[in-house]
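Welcome! Have the sequence and the 3D view ready, and work through the exercises below one step at a time.

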Amino acid sequence: ELFGGEKEKMFVVYVRRRAVVLKLPSERVRQLEESRGRSALVMGRKTMKEWVVIPYADAAELRKDLKLVKEAMKFAEVKG
């Protein structure tokens, strides 16, 4: 909970070193790892199974995955 007791939903955790980190179902993260060479987010020694790192060379490349960003937004909505 944040200010005023309202709950916030998160679908993008942050942008780091030319990458965006999105929250998706763990099955989808595994699929992206296998089909597109993406990787699950690793924090210290822990692999975050519902977070995938999507690297980009520039903003134009990021726009190509707008569908994936929308998928993450929808997942956050359902998870509540």
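Before starting, one term: a residue is buried under 20% relative accessible area, exposed over 50%, and partly exposed in between, with a 1.4 Å probe and protein chains only. The model is predicted, so local features need pLDDT of at least 70 and side-chain atom pairs count only at pLDDT 80 or more, while totals for chains, interfaces and linings use all residues. Residues are numbered from 1 along each chain as its sequence is written, and side-chain values use heavy atoms, with hydrogens and water left out.

**Exercise 1. Confidence and layout**

Find where confidence is lowest and where it is highest in the protein chain, then give the pattern of helices and strands along the sequence.

Step 1. pLDDT is the predictor's confidence in each residue, from 0 to 100. The protein chain averages 81, and 76% of the residues score at least 70.

Step 2. Strand 1 (residues 12-16) has the lowest confidence, with a mean of 62, and helix 1 has the highest, at 93. Where pLDDT is low, the predicted coordinates should not be read in detail.

Step 3. Helices (H or I, at least four residues) and strands (E, at least two) are DSSP runs, numbered from the N terminus. The protein chain contains three helices and four strands, in the order β-β-α-β-β-α-α.

**Exercise 2. Strand partners**

Work out which way strand 2 and strand 3 each run against strand 4.

Step 1. Two strands count as paired if DSSP finds at least two bridges between them.

Step 2. Strand 2 (residues 19-23) pairs with strand 4 (residues 46-55) in the antiparallel sense, over five bridges. One bridge to look for places valine 21 opposite valine 53.

Step 3. Strand 3 (residues 39-43) also runs antiparallel to strand 4, joined by five bridges. Here valine 42 partners threonine 47, and methionine 43 partners lysine 46.

Step 4. Now look at the turn: strand 3 and strand 4 make a hairpin with two residues between them, and glycine 44 in that turn has a positive phi of about 70°.

**Exercise 3. Salt bridges**

Locate the three salt bridges of the structure, and say which parts of the chain each one links.

Step 1. The test is a side-chain nitrogen of Lys or Arg within 4 Å of a carboxyl oxygen of Asp or Glu.

Step 2. Glutamate 50 meets lysine 23, with the closest N and O atoms 3.8 Å apart. This pair links strand 4 to strand 2 across 27 residues of sequence. Glutamate 50 is partly exposed, at 24% relative accessibility.

Step 3. Glutamate 71 bridges to arginine 28, the closest N and O atoms being 2.7 Å apart. Because glutamate 71 is in helix 3 (residues 66-79) and arginine 28 in helix 1 (residues 26-36), the pair ties together parts 43 residues apart in sequence. Glutamate 71 is partly exposed, with a relative accessible area of 27%, and so is arginine 28, at 22%.

Step 4. Arginine 36 and aspartate 65 form a salt bridge at 2.7 Å, N to O. Arginine 36 belongs to helix 1 and aspartate 65 to the loop between helix 2 (59-63) and helix 3, so parts 29 residues apart in sequence are tied together. Arginine 36 is partly exposed at 34%, whereas aspartate 65 is buried at 10%.

**Exercise 4. The two sides of helix 1**

List the buried residues of helix 1, and decide how they are placed around its axis.

Step 1. The buried residues are Ser26, Val29 and Leu32.

Step 2. The arc is that of the directions from the helix axis to the C-beta atoms. These residues cover an arc of only 120°, which means that they lie on the same side of helix 1.

Step 3. A general rule helps here: an α-helix has 3.6 residues a turn, so residues three or four places apart point the same way.

Step 4. On the other side of helix 1, Glu34 and Ser35 are exposed.

**Exercise 5. The nonpolar core**

Which element gives the most residues to the largest nonpolar core?

Step 1. A nonpolar core is a set of buried Ala, Val, Leu, Ile, Met, Phe, Trp, Tyr and Cys residues joined through side-chain atoms within 4.5 Å.

Step 2. The largest core has twelve residues, including Val29, Leu32, Leu68, Val69 and Ala72. Strand 2, helix 1, strand 4 and helix 3 each supply at least two residues of this core.

Step 3. Helix 3 gives the most, with three residues.
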